[in-house]
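Opened the notebook for this one. I wanted to look up how the chain is divided and which charged side chains pair up.

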Amino acid sequence: MQKVYFDHNATTAIDKKVLSVMMPFLEAQQGNPTSQHSFGRHARTAIEEAREQVALAIHAHPTEVVFTSGGTEANNMIVHGAAIKNPQSTLVRSNIEHPCVARPMEALTHQGWYQELLKVNHDGVITKEAYQSITADNISLVSVMLANNETGVIQEISDLSDFAKEKKAISHTDAVQAFGKMDVRFDELQIDAMTLSSHKIYGPQGVGALILNKRSDIEPLIYGGGQEKNLRSGTENIAAIIGFGKACELISESLKESSMRSRELQTTLEAHLKTLGAVIFSEKAKRLSNTTFFAFKDIEGSTLLTALDKQGFAIASGSACSSVNKEPSHVLLAMGIDEDLARGALRISFGNQNTINDVTSFIETLKKELQTLKQLTAIAA
Ligand code: PLP
């Protein structure tokens, strides 16, 4: 059976070119990058080259790149790091943030900090009015994701930047999903901090970065030997960092072409889905070209997902990172989508390997599975 992977917002396959630059760092004796002998110096040089590759891809300065174990750690780092510097302050985030921004903020509300939420509208967009509704004054951090992992909606980051400047707070965007799918420029976004993850861009899992400008003074999350400018102690994951650097270089080279190709697939897919009666969430909003979040009324998302999986199509229901959670998507509920419809939510996220044939064969299979499910529902009723 042909297998088609449509879940690139969850994770991507490592690029062969990425793997080939990593292998020497996995196979041969490596020095600790803090060691002064030639092995250590070799490792240090390779890490600094990777830092430059990451910085170049997002138009940041290499000194602004702090390597972490991934997006989750980078998000926890900025939330805790900004909060600890400003006890009893308020942390502001949107109500559609990834759990690795939302949960650390919620945890801090039990330890003396406050939280205020920016509410999205029905399309999943944070409007200027949402910022105006924030009442707190002593704000340490404002965090708004650049693109949502479920709907693919892209937020207006200049609103975040203006608001944070006015409140003298650190501005942060989680760009884990945006990076590699749209042009992301740290210098132009006018924000203080940004999160990236390697495994969403055909790099290895378990590595990412917090991009942090010089002005932002945060407390480390992990203390120890002082690596990563004292912000993230621990011996560096050398091979993973090298792979992340290479993945950044490759994704920048192919960005224009890959986003054009995924936009074509998205347009075809959505036209067919609508003919079949699907609701496309955030259809009218500015969205990533690779992401389609949809539902069929009266059809449980997880049932359809299982049926499609048996036919070789890998898609997601709700948020991939919390697929153990059976609750309807918090993003859709925040948008005011009816709970029953939200339970039907399915996400397709295209990647570099997907073709128009994948889309047409998916639609054919979907038609058959929908028919079967509708017949079963009719019998049960
Ligand atoms: N932020 C967003 C928007 C994500 O979608 C994810 C993962 O799906 C993360 C953060 C977490 O990144 P990582 O898997 O590198 O910890």
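Below are my entries, first on the domains, then on the salt bridges.

**Entry 1: domains.** I am working from a predicted model, so local features were taken up only at pLDDT of at least 70. I looked up the division of the chain and found domain 1 (4-11 + 255-380) and domain 2 (16-250). I noted 28 Å between the C-alpha centres of the two domains.

**Entry 2: where they touch.** How many residues are in contact between domain 1 and domain 2? I got 28 residues from domain 1 and 28 from domain 2. About 2500 Å² is buried between the domains, and carbon and sulfur atoms give 54% of that. On the domain 1 side, I see Leu255, Leu288 and Met335 losing the most area to domain 2, together 23% of what that side buries.

**Entry 3: polar links across.** I looked for salt bridges between domain 1 and domain 2 and the count is zero. Polar contacts are another matter: I have 15 residue pairs, both partners at pLDDT 80 or more. Which elements give two or more residues to the side of domain 1 that touches domain 2? I wrote down helix 8 (238-275), strand 10 (291-295) and helix 10 (330-334). Helix 10 has the largest share, with three residues. Sorted by type, that side of domain 1 comes out as ten nonpolar, 15 polar and three charged residues.

**Entry 4: salt bridges in the whole structure.** My count here is 20. I picked out Asp7 and Arg347, whose side chains meet in a salt bridge at 3.0 Å, N to O. Asp7 sits in the loop between strand 1 (4-5) and helix 1 (16-27) and Arg347 in strand 12 (residues 346-349), so this pair ties together parts 340 residues apart in sequence. Buried or exposed? Asp7 and Arg347 are both buried.

**Entry 5: Glu106 and Arg93.** I looked up this salt bridge next; its closest N and O atoms are 2.9 Å apart. Glu106 is in helix 4 (residues 99-108) and Arg93 in strand 3 (residues 90-94), 13 residues apart. Glu106 has 33% relative accessibility, so I put it down as partly exposed. Arg93 is buried, with a relative accessible area of 6%.

**Entry 6: Glu339 and Arg343, then a network.** Glu339 forms a salt bridge with Arg343, and I read 3.0 Å between the closest N and O atoms. Glu339 is partly exposed at 41% relative accessibility, and Arg343 is partly exposed at 31%. Last, I noted that shared partners join Arg44, Glu48, Arg51, Glu228 and Glu236 into one salt-bridge network.

How values were computed
Residues numbered from 1 in each chain as written. Heavy atoms only, no water. Domains from an automatic or database assignment. Contact = heavy atoms within 4.5 Å. Buried area = accessible area lost by both parts, 1.4 Å probe. Salt bridge = Lys/Arg side-chain N within 4 Å of Asp/Glu carboxyl O. Polar contact = N/O pair within 3.5 Å; in protein donor to acceptor, adjacent residues only side chain to side chain. Helix = DSSP H or I, 4+ residues; strand = E, 2+ residues; numbered from the N terminus. Nonpolar A, V, L, I, M, F, W, Y, C, P; charged D, E, K, R; others polar. Buried < 20%, exposed > 50% of the residue type's maximum accessible area, 1.4 Å probe, protein only.
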